[in-house]
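This report introduces a protein model to a reader who has not met it before. Please keep the sequence and the structure in view while reading.

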Amino acid sequence: MRGIYIHIPFCKQKCYYCDFISFAQNGDIIEKYINALIKEIKKTLKSQDKIDTIYIGGGTPSIIDSKYIKEILQEIYNIVGYDEKREVTIEINPGTLNKEKIEDYKIAKINRVSLGLQSTNNKLLKNIGRIHTYEQFIEAYTLVKQSGFNNINIDLMLGLPNQTLYDLKDSLNQVINLNPTHISVYSLILETGTKLEELINKKELKLPSEDMERQMYWKAKELLEKNGYIHYEISNFAKKGYESKHNTNCWKQEEYYGFGVASHSYINNMRYCNTENLEEYIMNIENDNYNKIKQINEIQTKENKMQEYMLLSLRTLDGVKIQEYKSKFQENPLYIYKDKIEKLTKMKLLEVDGDNIRLTNKGLDFANQVWEEFV
Ligand SMILES: C[S@@+](CC[C@H](N)C(=O)[O-])C[C@H]1O[C@@H](n2cnc3c(N)ncnc32)[C@H](O)[C@@H]1O
Ligand code: SF4
């Protein structure tokens with residue numbers, strides 16, 4: 001089984017914290033980009049590919065005319081067929097949705113939507129450069145529900161500038177009341193070169209302390225678990241059976257194609273990435289120079305693959321399932337990584353619990369330290 005990731009690199013306005021690859025939209029370039037993207041898909045995807053998830057992310061996929069989303073998905077269905085069991089997700093920025101778009105997504109057989117909210121506090125949203133208010137988010141959420149979608153994720157963020165524990169609880173309670181099937185709660189990463197970094201350096205905005213950020217994380221976990229959401233990955237919570245298949249496959253080291261500028265692929269033990277340059281991507285595809293858009297990042301040996309599997313699994317709350325590891329690699333991780341596991345266990349960051357090697361509660365707070373051991 002393989003997944004498909006499609007990158008739509010356009011946003012109305014750059015949020016101050018974000019360093020994802022996205023550009024201001026303009027009609028002409030969008031049309032050219034979609035043509036190139038469809039050409040890349042037709043060139044790469046094979047009718048014998050078994051595809052179990054499709055994820056349209058960005059940028060802001062919901063900013064472009066929804067006819068393009070229908071066209072892209074139709075091309076994929078033409079090649080690999082339509083399968084009702086497949087998870088098909090689109091990311092939506094609430095400031096860009098309307099009735100026609102959401103109805104088109106339904107026609108295109110999308111069955112999961114992911115809405116970026118970040119906070120329900122309008123002042124905080126403004127501080128981070130979001131283009132929408134909480135009220136506009138509610139309008140978008142209502143449209144999504146009315147169109148019959150029942151598998152819905154909402155993205156929230158914690159550790160935002162000027163955010164208090166009260167703000168976070170308030171956001172969580174309001175979102176929980178909406179009863180989505182999935183909630184992601186991301187700890188803010190202050191990326192270099194972003195406008196947010198500049199505002200913090202100029203002391204125009206202030207981040208909560210590290211201690212407060214951790215309190216927020218544990219409050220989010222407590223509130224979400226109390227309300228029936230299973231904590232299954234460091235930043236992800238879902239109602240039973242609604243874990244994101246696309247992300248879960250990535251953490252299980254399954255293969256996926258990435259299509260579009262700046263997208264990543266993992267096929268035949270190789271990790272590739274596409275150029276981040278929009279003009280270069282379009283021009284090379286127009287001229288049939290497909291090899292010029294891709295760069296191989298890694299050709300994995302068995303050792304690389306085993307180590308990466310540890311790293312990916314230790315993002316999830318189930319951790320490494322020892323039996324699964326043994327049947328995948330015919331090796332025992334407890335033996336291969338004896339020294340690392342002993343060290344991290346002594347530091348109380350990891351535990352060997354039944355058939356799993358997993359993060360402890362302390363490990364959740366210091367997950368980066370654990371992952372670094374397996375990079
Ligand atoms: C591609 S965006 C989601 C769709 C749409 N572009 C939007 O923002 O509404 C993916 C999510 O990543 C998270 N994110 C982006 N930059 C981040 C950062 N620097 N730190 C933590 N989370 C971040 C946000 O929660 C955002 O909703
Ligand atoms: S968070 Fe979403 S809308 Fe904001 S800049 Fe990043 S990709 Fe665009």
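In strand β11, Gly-258 is the bridge partner of Tyr-5, and this pair belongs to a longer match in which strand β1 (residues 2-8) and β11 run parallel over 5 bridges. The model is a predicted one. Strand β11 itself spans residues 255-259 and is mostly covered, with 4 of its 5 residues buried.

**Two domains**

The protein chain is divided into domain 1, covering 2-250, and domain 2, covering 302-373. Their contact takes 5 residues from domain 1 and 6 residues from domain 2, while the C-alpha centres of the two domains lie 29 Å apart. On the side of domain 1 that touches domain 2, strand β9 (residues 230-233) gives the most, with 3 residues. By class, that side of domain 1 has 2 nonpolar, 1 polar and 2 charged residues.

**Nonpolar cores and a buried serine**

In soluble globular proteins, nonpolar side chains tend to be buried together. Here the largest nonpolar core holds 71 residues, and those that touch the most other members are Ile-4, Val-113, Leu-115 and Ile-183. Strand β7 (residues 152-158) supplies the largest share of this core, namely 5 residues. If residues up to four places away in sequence are set aside, Leu-115 touches a list of partners that includes Ile-92, Pro-94, Phe-137, Ile-152 and Ile-154. A second core, separate from that one, has 13 residues, among them Tyr-337, Ile-341, Leu-350 and Ile-357.

Ser-114 has its place in strand β6 (residues 112-118). Is Ser-114 buried or exposed? Ser-114 counts as buried because 22 other C-beta atoms lie within 10 Å, where 20 or more are needed for that class. Leaving aside neighbours within four places in sequence, Ser-114 is in contact with Thr-89, Glu-91, Ile-92, Asn-153 and Asp-155. Pro-161 stands 47 residues from Ser-114 along the chain, and the C-alpha atoms of the two are separated by 23 Å.

**From the hairpin to helix α10**

Strand β12 (residues 264-267) is joined to β13 by 4 bridges, and the two strands run antiparallel. Within this pairing, Ser-265 stands opposite Tyr-272 in β13. The two strands form a hairpin with 2 residues between them, and Asn-268 in the turn has a positive phi of about 50 degrees.

Strand β13 (270-274) is also one of the elements against which the buried residues of helix α10 pack, together with β3 (23-24) and α1 (27-44). Helix α10 covers residues 278-286, and its buried residues include Leu-278, Tyr-281, Ile-282 and Ile-285. Just after α10, Asp-288 takes a positive phi of about 60 degrees.

**The open sheet**

A sheet of 3 strands is open and follows the order β15-β17-β16, with antiparallel pairing. Its edge strands are β15 (320-321) and β16 (350-353), each of which pairs on one side only. Strand β15 and strand β17 (residues 356-359) pair in the antiparallel sense over 2 bridges, and Lys-321 stands opposite Asn-356 in β17. Helix α14 (residues 338-346) lies across β16 and β17 and runs at about 110 degrees to β16.

**Unusual backbone angles**

Most residues other than glycine have a negative phi, and most peptide bonds are trans. The table sets out loop residues that depart from this general pattern.

| Residue | Backbone feature | Place |
|---|---|---|
| Gly-59 | cis peptide bond with Gly-58, omega about 25 degrees | loop between β4 (51-58) and α2 (66-80) |
| Lys-203 | positive phi of about 65 degrees | loop between α7 (195-201) and α8 (210-226) |
| Ala-262 | positive phi near 65 degrees | loop between β11 and β12 |

What is the exposure class of Lys-203, and why? With 7 C-beta neighbours inside 10 Å, Lys-203 counts as exposed, because that class takes in residues with 12 or fewer. Ala-262, by contrast, has 18 other C-beta atoms within 10 Å and is therefore partly exposed.

Notes: Residues are numbered from 1 along each chain as its sequence is written. Chains are lettered from A and ligands numbered from 1 in the order in which they are written. This is a predicted model: local features need pLDDT of at least 70, side-chain atom pairs count only at pLDDT 80 or more; totals for chains, interfaces and linings use all residues. Two strands pair if DSSP finds at least two bridges between them. Two residues are in contact if their C-beta atoms, placed from the backbone, lie within 7 Å. Axes are lines fitted to C-alpha atoms, for helices over the stretch in contact, and angles run from 0 to 180 degrees between N-to-C directions. Domain bounds come from an automatic or database domain assignment. Ala, Val, Leu, Ile, Met, Phe, Trp, Tyr, Cys and Pro count as nonpolar, Asp, Glu, Lys and Arg as charged, and the others, Gly among them, as polar. A nonpolar core is a set of buried Ala, Val, Leu, Ile, Met, Phe, Trp, Tyr and Cys residues joined through C-beta atoms within 7 Å.
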